[in-house]
Amino acid sequence: MRSVVRTFRQPAMIIPNITFPLLLLAINSNGLRAATHLPGFPTNSFLDFFIPIAFMQGALFASAIAGIDLARDIDNGFLNRLALTPMRGSAVILGQLGGAVALGTIQAAVYLAVGIAAGVRFETGVAGAAVLFILAVLIALGFGGLGIYLALRTGSGEAVQSTFPLLFFLLFLSSMNLPRDLIKAAWFRDIATANPVSYMIEAMRTLVISGWDAQALGLGFLFTFAMIALALGLSAASLKTRMART
Amino acid sequence: MRDQHGIQAETLAREFKGGIRAVDGIDLHVSPGEIYGFLGPNGAGKSTTVHMLTTLLPPTSGKARVAGYDVVKHGPRVRAAIGAALQEAALDPFLTAREHLRLQSSLHGLTRQQRRERSQDLLERVGLTQAADRKVKGYSGGMKRRLDIALALVHEPSILFLDEPTTGLDVQSRSALWGEVGRLAKGEGVTVFLTTQYLEEADVLADRVGIIHRGHIVAEGTPTELKAEIGRPTVEAVPSDPSQRAGINDVLSKFGTPTAGAPNAVSVRCEEEADLADIVRALDAAQLHVAQIQLHEPTLDDVFLAKTGTSLEGAAEEEELETVSV
């Protein structure tokens, strides 16, 4: 609860994080509209194609906020204060994730509302929009977990911040701007194919532009759950070192 | 809240990576209801000791019992019996004082009604009722420290650890905090383990003082006992004419060994029971004039100097270079 309250008491941190992906969405959906003329491009609306990226960027920002907040708790001794109470160690991680999930939920609702108002039409209808919303929140949870792991591992807000561009790099090396089969450079296509972020984007993308696709959805949810499990596992292991109480 | 067991440690040690022994086999015995001042410069091992005694850091070797429980085997029981305000005023800048107290009391399992009452009681006790619903980021250092101590008292602990509670506070806040710590120990029987790098704080507040230097306890006793151990007072003379400084130094050196003092003064630690009149007569005979002459009783800094060969202030600078993070 504290992490949720704290997250929403930092408007200077969350407002740019919500608006930046919307700005990028507005710019790219106009500037890169010509890409829809490529033979084989799956839709004639770049807005429909690109809207999943807003959710991904929102999740990355939520990750950074969760990580920086926890690093601050470690740095100023708040984690020690918690460690002196009967609180379970796992509750530190879950509590901190609350802030990331709450922010991820608000972001997803805003992006969905703005997208629909701007003309995004879901091939899968209201049910598809609901599934996308759930997937977006889960992705925010997964990336939030990675932010928490980095904070626990390094104990430094600066270290968390410096790894943030690396996560963004992961986004750029995915099928963010083009479908994988239209990426000409083989090395880029190979990296995008090996990059789990591509499958998260493609799961959301199929819900908007091509209808129910069990394989895409299965892969998207699979990689998302794998990321959540990995992040929580790494966080739990790092917490044992960071909170070494007897 | 009244403590029955106090704190005991035997050859307690903590070694960090690279073989650095931040605490090197210390013995401690703190009686119930006592205020124990743990005095030493930065990096001497004070905070590492507190972290071990509060179960936040496992010792590398040795044993410690706090409130009757072994700090390694019975961590949760120790934590239930103690309160701690550690070196950093560990507060969330985006929460209010009341929210901090409610959170802390809920983590200690108090009911909603108890949380409300206990929070209000503690806010009144530390004088934060007016600021209770303001975010902590706007608080002064003294207000943060008071809240920090209130948070440590939420579950009515019988032993309180205060790690440099007055560092960075102004004189008024420091004195108010001393008053509160004194009330807790003398009025409610709470055992207080207080680390400090301020001699005055240890002198005024502590029933007994332990001096730690480079991970070892080099002296222990009541402030009076420790000072009596040194026994020898200091004479400090300020020359009327700075050109007579060397002459005054020669005369005073007959009565004791030169020691550090005010920059404009000549200081000696007397060899035996000093008679100020003899010193004044000797200066007069040598036709030397002083603007001021004083006899100082030994201080804890003199004790520190005698035990470690350096003054506390000098040791702080020296040891900051070797500070070990915990």
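How many bridges join strand 6 of chain B to strand 7 of chain B, and do these strands run parallel or antiparallel? In this predicted model, four bridges link strand 6 to strand 7 (residues 159–163) of chain B, and the two strands run parallel. Within this pair, B:Ile82 stands opposite B:Ile159 of strand 7. Helix 5 of chain B, which covers residues 141–152, lies across both strand 6 and strand 7. The angle between helix 5 and strand 6 of chain B is about 165°.

The pair belongs to a wider arrangement. Strands 6 and 7 are part of an open sheet of six strands in chain B, with the order 6-7-8-3-9-10 and mixed pairing. Its edges are formed by strand 6 (82–85) and strand 10 (216–221) of chain B, each of which pairs on one side only. On average, neighbouring strands of this sheet are turned by 15° against each other, direction ignored. As a reminder for reading such a sheet, strands pair through backbone hydrogen bonds, in either a parallel or an antiparallel manner.

Stepping back to the whole chain, chain B contains twelve helices and 14 strands. Its C-alpha trace spans about 80 × 45 × 35 Å along the principal axes. Of the 326 residues in chain B, 45% are buried. Among the contacts in chain B with a separation of 6 or more, 69% are between residues 24 or more positions apart.

Chain B also meets chain A: 21 residues of chain B are in contact with 18 residues of chain A. On the chain B side, helix 2 (75–81) and helix 3 (97–107) each supply at least two residues. Helix 2 of chain B gives the most to this side, contributing three residues. By residue class, the side of chain B that touches chain A divides into 13 nonpolar, five polar and three charged residues.

A few words on confidence help in reading these results. The mean pLDDT of chain B is 86, and 93% of the residues in chain B reach 70 or more. Residues 319–326 of chain B call for more care, as pLDDT stays under 50 over this stretch. For these residues the model has 18 contacts beyond four places in sequence. The model scores are ipTM 0.74 and pTM 0.78.

Terms used:
Residues numbered from 1 in each chain as written. Chains lettered and ligands numbered in written order. Predicted model: local features only at pLDDT ≥ 70, side-chain atom pairs only at ≥ 80, totals over all residues. Buried ≥ 20, exposed ≤ 12 C-beta atoms within 10 Å, placed from the backbone. Contact = placed C-beta atoms within 7 Å. Pairing = 2+ DSSP bridges. Axes fitted to C-alpha atoms, helices over the stretch in contact; angles between N-to-C directions. Nonpolar A, V, L, I, M, F, W, Y, C, P; charged D, E, K, R; others polar. pLDDT = per-residue confidence, 0-100.
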